[in-house]
Structure formats: C-alpha cells, structure tokens
Amino acid sequence: MTFLGLGIFAWITLLMVFGKVGLMIKTRFPGDVIGMGIIFTLLVIGALPTDEALSCFSSTSVVLVGVLFVLAAALVHSGVIQWITKNLLRTPKSLSDALVRVMLPAAGLSAFISSAPVVALMLGAVKTWARKRNISPSKLLLPLSYAATLGGVCTLIGTTPNLVVSDFYSSYTGKTLGLACTTIPGIFCLAVGVLTILALQRFLPVRKGPEEAFESSADYTVELIVPADCENVGMTVDEAGLRDIEGGSLIEMVRFDSEIISPVPEDEFILGNDHLVYSGDINSILQLRQSHGLVNANHLVFSTKEENSRKRKLQMATIDFSSPLIGKSMSEVSFEDRHNVVLVAVAREGERINNIPRNIILRPGDTLLLEGDKLLPENFHGSLNFFDSVVLPQESKKTVIASVILFGMVLLAVLQLMPLLNSCLVAIMVMLLVRCLSIEQLQNAINWKLLMVFAGSVCLGKAMTYTGVTQALSDLITLSTGTNPLMSLFILCLLGTFLTEFISSVGAAAIFAPIGICLAQSLGVNPVTFCVAIMISVSSSFATPVGSETNTFIYGPGGYRFSDYLRVGLPMNIIILLANIFITTLVYPL
C-alpha cells in the first residue's frame, strides 16, 4: 500500500524524523534514549532489517567515535592543552588581539579533539586570563565556542557529524573520504569566521559571570554558633530541628577544630561551639537565635574565595537544556540526597536569585553553587554541566610525547599508509605503553550515551534510504530547483544550518547526508561536494545555546542571555553558509 508514492514504512520513517526533531526541541528526553527508541521502533515494525539496524553499532564510524574519545582523553591528561593555553594566551595588546589568541588555539585543538572537552578545559583559563587583563569573560567565551566549532570541521575526525557523513558516503559509493577532505574548506570558513567575529566584536555582550553573583556570601548565608551551654548540645541536628528549617537549609557545619561537614547528615550530633552555616532567607534564619539559643558568629568562615582551602568543596554547575531538573525545585526532588550535595545559591543570567535556593523553580542555563564531597562531572551527566572544576595536568615530557604520537597518527592517515581507524588505534596503544594514558582513564573516556545518540542517528538515516524516503526528498528538491545543482546544494545547506540550531548536529548530519548524496547522484554531479558542504553546514550552529554542546557549556559561565547568541550568531550563520558554498564548490567542482 502506497500513498503519494511512499509505502507505509516510508511514512512511519518520515514521521520518526519529524518526531525526533520535535522531541529534541520540545522535550527533555535524553538524546541516547531517543536514539535507542528509534532503533527499537525500526526493528519492531520491520522498517529496517535486523542486520542493518544492528550494524549501526559496529560500523567503522561508530567505533572511530569511541576511539577518538580515548585519544582526546590521552591528549588532555598529558597536558597538551595546558601547554597551548600557557604559551599562546600571554598578554594581548587589544580586544582584537585577545580574541585571536583565544580562537586560534581552540580551533587548532578542535581539529583533532572533540570541541566539547577543548572548550571545557580552556574555559577556566580563559576566564581567569580575561579578568587579569580587565576584559569581560563574556566577550571571549562566545568566540571560544564558535572557533572550536569551526576548527572541528577542518579534519574528518574533528567533529562527529563529519564521521556520520563520511559513513554514508562510504555506504553509497564504496569509497572513503580522506582525513584532510575538509581541511581547505574548513580553514577558509574558519578564517572567515574569525574575521567576522573581529568585525562584530562591538556586538559581543558584556555580562556578569555567576562568580560575581556568588562573591558576597554574606548576602545569602547566615552563620550561627552553638554555645557550650546550649540545650541542643548532644542532640542530632534533626532532633534539634536545625537541619531543615523554615526559610532555608543547613549547608555545612564547621567544628571547633575546623573540620567541615557538608552536606550535614540528619544524625550528625551537635557539639558546643559548632559553627552552623545556613543559606536562604536571612530574616527567617536569624529567628533561630531566639528559638534555639544560638548566637551570631563574630568570625565568618564561609566564603567562595577560599582558593587555598582543600576542605570546603564548592563547585558551580549549569542546568543543561535537557536536564530533568528544569521546571522543578530542589525541594520537590531528591537530587541533593541522591548525590550527597547541598544547594547553596542559584544565579540566572549572571545575577543571584534572592530567594530560598531550594524553592527556586529551575530553568535551563541557571547556575547552581553546590557543596559536597563527590562533585564529579561524570556523576551528574545529563542534568548538570560543571565548569571551573577540571584541574589541568601540568606540562611534562608526556606533553611532547603525546604531541609526537598525534602528529604520527595524522601523518599515517594523510599519506594513506594506514586506514584512519587503524592509525588511531596504534596511537592509543603507544600512548598506553608510554603511560600518557592509564587503563582507568581509557575506561572513563568513552561516552557511551553519545555513542547511543550516534548509532540511533545512523540507524534513522539508513531507514530513510531503505524505505525510499531519501529518494523521495531528493526528488522533491530537484522538482523545486530544477536541474540546477548549485541551487539544490544551497537549499540543502540552508536547511541543515537551520535544523542544527535545534537538534544535535549528529542528527542533522544523519538526515541530510543520505539526501545530499542521493541528490548529487540523481543530478550527475560530484557527491563529495555535497558531503563536504553538509559537514560544514550541520556543524555551523551559532544562533542558539542549544544548537551545540559548546554553546550550551558556555551559557551559564558567561552569564549569557538567549538573545546574545542571536545577535552575533545569526550573521555568522549567513556568512559561513555563503563561505561554505563558495569554497566547497571551488575546491570540489560540481
């Protein structure tokens, strides 16, 4: 049974494409859940044969993504990023000079390492460096994200969408794309992007970072002391009614010997001279002086500036745009108890929210000040993005060794002496042997959730081809543009640039890659031209904070507003789109 030339499985697949877009935009379903749901549905309804669906997990591109996670971890742990940051930032002569010093290292690193860890690891250094130079960090973090994104398209391994498109190209043509297939177009677009940022630098926003909002801790915390003769001495904090109080919460207890207890367990005993630190409504908390016989602390011990203190463990984290915490308050969920942390304060768009922290309804991009012993980013994946929490390893001889290994890997792949996957595997084995990477670091490096997103996207792309959706959409574009391949390429890249602002770039690549290759073949033109142009267009996410992981990551630390991305990112989208079409058709003629 067919309708408008498409069978029932084709229509179901097409609905799944729109459904995925809708879920990514309108819901907070994790990408890996959506990816697995796609594979499961396609298998159950029979829209894709079992062997085709399961082959998505074992395809070269999926394996290569996992291998690149490990390679990136090796470069991070060997101090390569630390060396680059230390030696290339230095003292800028102007804002333009500062922008160039930030963007070029980020772009160069992102050509070989996923842009997300590059931005994560450079973020803290760039913010500290900017403040020392009296530059607002918000002037530099947005260009940092954009440069990392553009740098990623300069090599086949720089960004995951490149590998998705390459995988589809191999499936359709039986040929493989080289490591440097996007290098010339990518470098050209990067140069155009840097010049665009320099030209638009006066439109880069000046925003307050969350650190400034949390600096005056006396504005949102109250510190009280338990006198030695207090009737609550010997009781637990829960029995005394001093843990969960009206108008606030107990965030830490400091003993007379300076031991810091946070979070404070409900069965923690109260001793004389204990220092109780509360967060919330100050007037309500001060009533504890009368009701429980406490006294004001003459010497305040809580501060976010205690850089030399290793006892107090404070971290800032941003609410991810797909976080299950969105629309809820901490008082409604068991998040603090489950992760053994306590919420100290909340900032939004660089301003601290003057309310009881646990009662604040959380929004995407909100910055939380948390205290606890196990504030590790991997424990909060999918709900919070941590920043200023990564300690960069110091440069050593491993830095040089890792750099030489990376150069050798690239040389083997570029000269086609060894397949890309094989050269990456050899590089990892050598790094393990010379101890640039440990077994534990290797195990922790692989992001299995992202691999599920990747596999689900590839599976959906294969289903589009198998059920005839790809051919139908290709015919539709041909019908609207005639036999003009340049116009077809422009429309495809325009749609890719728009869609990637709202869903993952991997998903956009999986949708448009098979359409582009099929369209090129039907028009009798070079499919490589379409593939390279699609790689750049689906990675060109500049106008929203949800379009790319790096844009999301800097949203909270920069104190940005949604409109800040539009003001600079929309012109960037248009300019890079035109630059992409120009250079790609020049390097790879239609």
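## Confidence and overall make-up

Within the protein chain, confidence is lowest in strand S1 (residues 2-3), where the mean is 58, and highest in helix H10 (residues 183-199), where the mean reaches 95. The model is a predicted one, and the protein chain averages a pLDDT of 81, with 90% of the residues scoring at least 70.

The secondary structure of the protein chain amounts to 24 helices and 13 strands. Of its 590 residues, 55% count as buried, and among contacts between residues at least 6 apart in sequence, 78% join residues at least 24 apart.

## Helices H19 and H21, and glycine 461

Helix H19 (residues 469-481) and helix H21 (residues 505-523) cross at roughly 60°, and their axes come within 9 Å. The two helices are therefore oblique to each other, since an angle between 35 and 65 degrees falls outside the ranges for roughly parallel and roughly perpendicular. The crossing of H19 and H21 is right-handed. On the side of H19 the contact involves Thr470, Gln471, Leu473, Ser474, Ile477 and Thr478, which meet Pro514, Ile515, Cys518, Leu519, Ser522 and Leu523 of H21.

Pro514 is also one of the contacts of glycine 461, which, leaving aside neighbours within four places in sequence, touches Phe168, Ala510 and Pro514. Glycine 461 belongs to helix H18 (residues 448-467), and it counts as buried because its relative accessibility is 0%. Between glycine 461 and glycine 507 the C-alpha to C-alpha distance is 8.8 Å, although 46 residues separate them in sequence.

## Helices H22 and H24

Helix H22 (527-539) packs with helix H24 (residues 562-587) at an angle of about 155°, their axes being 10 Å apart. H22 and H24 are therefore roughly antiparallel to each other, because the angle exceeds the cut-off of 145 degrees. Their crossing is right-handed. The residues making this contact are Thr529, Val532, Ala533, Ile536 and Ser537 from H22, together with Ile576, Asn580, Thr584 and Thr585 from H24.

## Aromatic pairs

The count of aromatic pairs comes to 5. One of them joins tyrosine 146 and phenylalanine 542 in an edge-to-face arrangement, with 5.0 Å from centre to centre and 80° between the planes. This pair links distant parts of the chain, 396 residues apart, with tyrosine 146 in helix H8 (residues 138-152) and phenylalanine 542 in the loop between H22 and helix H23 (549-555). Both tyrosine 146 and phenylalanine 542 are buried.

Elsewhere, Tyr555, Tyr560 and Tyr565 form one aromatic cluster.

## The loop between S6 and S7

Several features fall in the loop that runs between strand S6 (260-261) and strand S7 (275-280), where glutamate 268 is found. With a relative accessibility of 19%, which is under the 20% cut-off, glutamate 268 counts as buried. Not counting residues up to four places away in sequence, glutamate 268 touches Met235, Thr236, Val237, Met253, Arg255 and Ile261.

Proline 263 lies in this loop between S6 and S7 as well, and the peptide bond that leads to it from serine 262 is cis, with omega near -5°. Asparagine 273 is another residue of the loop between S6 and S7, and although it is not a glycine, it has a positive phi of about 75°. Its relative accessible area of 48% makes asparagine 273 partly exposed.

## Helix H14 and the residue before S10

Glutamate 336 lies in helix H14 (residues 335-339), and because its relative accessible area is 8%, it is buried. Leaving aside neighbours within four places in sequence, glutamate 336 is in contact with Met330, Val341, Val342, Leu343 and Arg358.

Asparagine 340 is placed in the loop between H14 and strand S10 (341-348). Its phi is near 55°, a positive value in a residue other than glycine, and at 37% relative accessibility asparagine 340 counts as partly exposed, whereas glutamate 336 in H14 is buried.

Terms used:
Residues numbered from 1 in each chain as written. Predicted model: local features only at pLDDT ≥ 70, side-chain atom pairs only at ≥ 80, totals over all residues. Heavy atoms only, no water. pLDDT = per-residue confidence, 0-100. Helix = DSSP H or I, 4+ residues; strand = E, 2+ residues; numbered from the N terminus. Phe/Tyr/Trp six-rings, centres within 6.5 Å; stacked < 30°, edge-to-face > 60°. Buried < 20%, exposed > 50% of the residue type's maximum accessible area, 1.4 Å probe, protein only. Axes fitted to C-alpha atoms, helices over the stretch in contact; angles between N-to-C directions. Parallel < 35°, antiparallel > 145°, perpendicular 65-115°, else oblique. Left-handed = near helix turned anticlockwise from the far one by under 90°. Contact = heavy atoms within 4.5 Å.
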